[in-house]
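User: Hi! Could you walk me through this one with me? I'll just ask things as they come up.
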Protein chains: 2
Amino acid sequence: MPTRHGPGRPTIETISEAAGVSVSTVSRALKGNRRISERTRTAVVEIARQLGYLPNAHARSLVTRRSGLIGFVMGDVYNPFYPEMLDSLVQRATARGLRLMVLHVGRKPLAMSTIESLLQYQMDGCIITSAELTSKAAEVCRTHRLPMVAMNRVPRLNNCAVSCDNAAGGRALGELLVAAGHRKIAIVAGAPNTSTSGDREAGIVAALSRSKVKPLVRLEGGSTYEGGLAAGHALVQGSKRPDAVFAINDIMALGVVDALREHGLRIPEDISVVGFDDIHAASWSNYDLTTVAQPIDAMVERALDLLDARMKEPDAPAENAFIVGALRIRTSARLPVDLPTTIESLRERGLI
Amino acid sequence: MPTRHGPGRPTIETISEAAGVSVSTVSRALKGNRRISERTRTAVVEIARQLGYLPNAHARSLVTRRSGLIGFVMGDVYNPFYPEMLDSLVQRATARGLRLMVLHVGRKPLAMSTIESLLQYQMDGCIITSAELTSKAAEVCRTHRLPMVAMNRVPRLNNCAVSCDNAAGGRALGELLVAAGHRKIAIVAGAPNTSTSGDREAGIVAALSRSKVKPLVRLEGGSTYEGGLAAGHALVQGSKRPDAVFAINDIMALGVVDALREHGLRIPEDISVVGFDDIHAASWSNYDLTTVAQPIDAMVERALDLLDARMKEPDAPAENAFIVGALRIRTSARLPVDLPTTIESLRERGLI
DNA sequence: CGAGCTTGTGCAAATGTTTGCACATCTTAA
DNA sequence: TTAAGATGTGCAAACATTTGCACAAGCTCG
């Protein structure tokens, strides 16, 4: 029963000999082809089971041109959002019978060889969350008609993209701050030129201008904890002291909180802080961050659907999906006097 | 120049026609076989370049029985240690021309189909960090002579394992606490039956008993932030109030710190807290955790070396590697009056 | 009773590589 | 001059599948 590796490992031919039928019959029987009689089918399946037969994925991929592999280009692991996304992705890909190859992680630009491996392994598709050189990857994918979907990235060229509705989330947080009476609001933006940061920022700016408020100051935090920390220090030391900070992602928000506290400021009594993403640490009691939760599972599911559709129909037109996030009200920000009304209003307009 | 996917994509045969030589010559030329004349070789390589030829990994794997793939079974993403390890692993595997397939993530037991995919894709090896059902996976790997190395796990059966020298690290932290004058020391252990937790605990217990101190109390925190938080609360509310807490990993230590602070305790003035791992968040200003850094890069490098050796010689005997970690002194724990001497002593005995 | 359909099976080609072996040509040494 | 070696190349098998096509039987219907 225990099969061996390499030579001696049972193949479809081993089974065909044992069952006294041809290899093609075995192949068909194993995948439940209806042309095969019930009797033959069960016999073959039973023998395969006894031998511990496992189909060779490479041989199969070679002829079918489908590998069951999808490539993943992952963002910075030091932003917990990406690991959390990886988690969801592995689970859901597995459930669909797909395996995930992690081709790249971090902020460094994609090596050409990384992109090429998509082709060498004949991957069925790829999901990209990393920022740099995504356009090059997109071009390769398009040329080779390899399904690709960007997550949390602006749709480049004409490839698919799915993200949280960042603008809506930004608006929701902005309106929440304004309703709570904040007028001196600082924005800590992320890595420049990322749609995620841009859209969230545009969202809050829109929300503020609705009440004729302008952001007090704008800093960049590079989407890292350290960047948030530096921004927090700068805000306290600067001439314009805000009464609320909107960090465009949670990891920076945590840095902001720590910096503000180092200066003896209490949160939210002295200053409110909100983030975006709802990473796990946002709910830690020390931070208890008001934020917008990215609907990771829904986003991943959607991304896989898009990939799936394009595996079947490579020329399907590109689609963009924006899924609204969920507002998480915690204690890092002052609350509006009439919270229920504020929330109701946001909900009615589909912002959360 | 832009190659297409599927039919029409240049193969070794396309090149052979263009170059007027046989496919075997092309194959040899491309991999720099010395039997091929310089003239032929450069001609072939040039044509391949022009056509944008990329070898088909599946075809190659089919015949060579080497796939260039290694499987990774990853622990809980909510413990940042594992994502940080993934980062290192992807970088270093890529540098060796290997690709990483993430087969599983999280604490749930390994599905049989997950283990089987190791065989279907003819992976060259696998690295396992997850706890549950590792023994089943180890058995499969052994049966099929598939190189496997466990990371941060006890060596089961006779497979390879590499970990931080957890016992040494535990000792170092224990001695540090004792030298700082602590006598009422609480231990927050991790998931039961994990060697990581057990070894670290054994280490600190040994260190304490060296000074005739016994742990004041022992709790379990399940290796999660929430578990650490609960343990922290329990410590304050319990009858025996410690003056120092040793959490066997950082993620729990963060929870402990947050819980203690909720009760108004100052760290380290009222109570010292140390962890283990040196995850990124351990250095956040809010925590600034004294801890032992796992030498992730060295561990990963070692694991890949072990894998490599067993790809070449599948019957090589199992090896276990323990790499000493580095003590990171920060501000979450009181310091010994004579810190340099303490450190020197630890270093002399190879504990850090 | 035979034409045509259904049902079950097998043959063989195709997928894109690698590699053992054979072979042809050229050099070198006796 | 010839045997032996070196050098460069090609043939064909092997890797483990899938799948179009053909074919044989058994059935139904006119």
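User: What rotation superposes chain A on chain B, and with how much shift along its axis?
Analyst: Happy to help, and keep in mind that this is a predicted model. Chain A goes onto chain B by a rotation of 180 degrees with 0.0 Å of shift along the axis, at an RMSD of 0.1 Å. The two copies are therefore related as by a two-fold rotation axis.

User: And which surface do the copies use to touch each other?
Analyst: The same surface serves both: 100% of the contact residues of chain A recur in chain B.

User: How many residues does each chain put into the contact?
Analyst: Chain A gives 49 residues and chain B gives 49 residues. On the chain A side, helix 4, helix 5 (81-95), strand 2 (99-105), helix 6 (112-120), helix 10 and helix 11 (250-262) each supply at least two residues.

User: Which element has the largest share there?
Analyst: That's strand 2 of chain A, with six residues. By class, the side of chain A that touches chain B has 22 nonpolar, 17 polar and ten charged residues.

User: What does strand 2 of chain A pair with?
Analyst: Its partner is strand 2 of chain B, in the antiparallel sense and over three bridges. Within this pairing, A:Leu100 stands opposite B:Val102.

User: Switching to the DNA. Which residues are closest to strand C?
Analyst: The closest are A:Ser24, A:Thr25, B:Ile12, B:Ser24 and B:Ser27, and 26 residues surround DNA strand C.

User: Which helices do they come from?
Analyst: Helix 2 (23-30) and helix 4 (57-64) of chain A, plus helix 1 (12-19), helix 2 (23-30) and helix 4 (57-64) of chain B, each supply at least two residues of the surface near DNA strand C. Helix 4 of chain B has the largest share, five residues.

User: What's the mix by class?
Analyst: Eleven nonpolar, ten polar and five charged residues make up that surface near DNA strand C.

User: Now the sheet in chain A with strand 8. What's the strand order?
Analyst: This is an open sheet of four strands, ordered 7-6-8-9, with parallel pairing. Strand 7 (217-220) and strand 9 (272-274) of chain A each have a single partner strand, so one side of each is left without a neighbour in the sheet. On average, neighbouring strands are turned by 20 degrees against each other, direction ignored.

User: How many bridges link strands 8 and 9 of chain A?
Analyst: Three, in the parallel sense. A:Phe246 has A:Val274 in strand 9 as its bridge partner.

User: Which helix packs on that sheet?
Analyst: Helix 10 (225-237) of chain A, touching strand 6 (185-189), strand 7 and strand 8 of chain A. The direction of helix 10 makes about 150 degrees with that of strand 6.

Key: Residues numbered from 1 in each chain as written. Chains lettered and ligands numbered in written order. Predicted model: local features only at pLDDT ≥ 70, side-chain atom pairs only at ≥ 80, totals over all residues. Near = placed C-beta within 6 Å. Nonpolar A, V, L, I, M, F, W, Y, C, P; charged D, E, K, R; others polar. Least-squares fit on C-alpha atoms with pLDDT ≥ 70 in both. Contact = placed C-beta atoms within 7 Å. Pairing = 2+ DSSP bridges. Axes fitted to C-alpha atoms, helices over the stretch in contact; angles between N-to-C directions.
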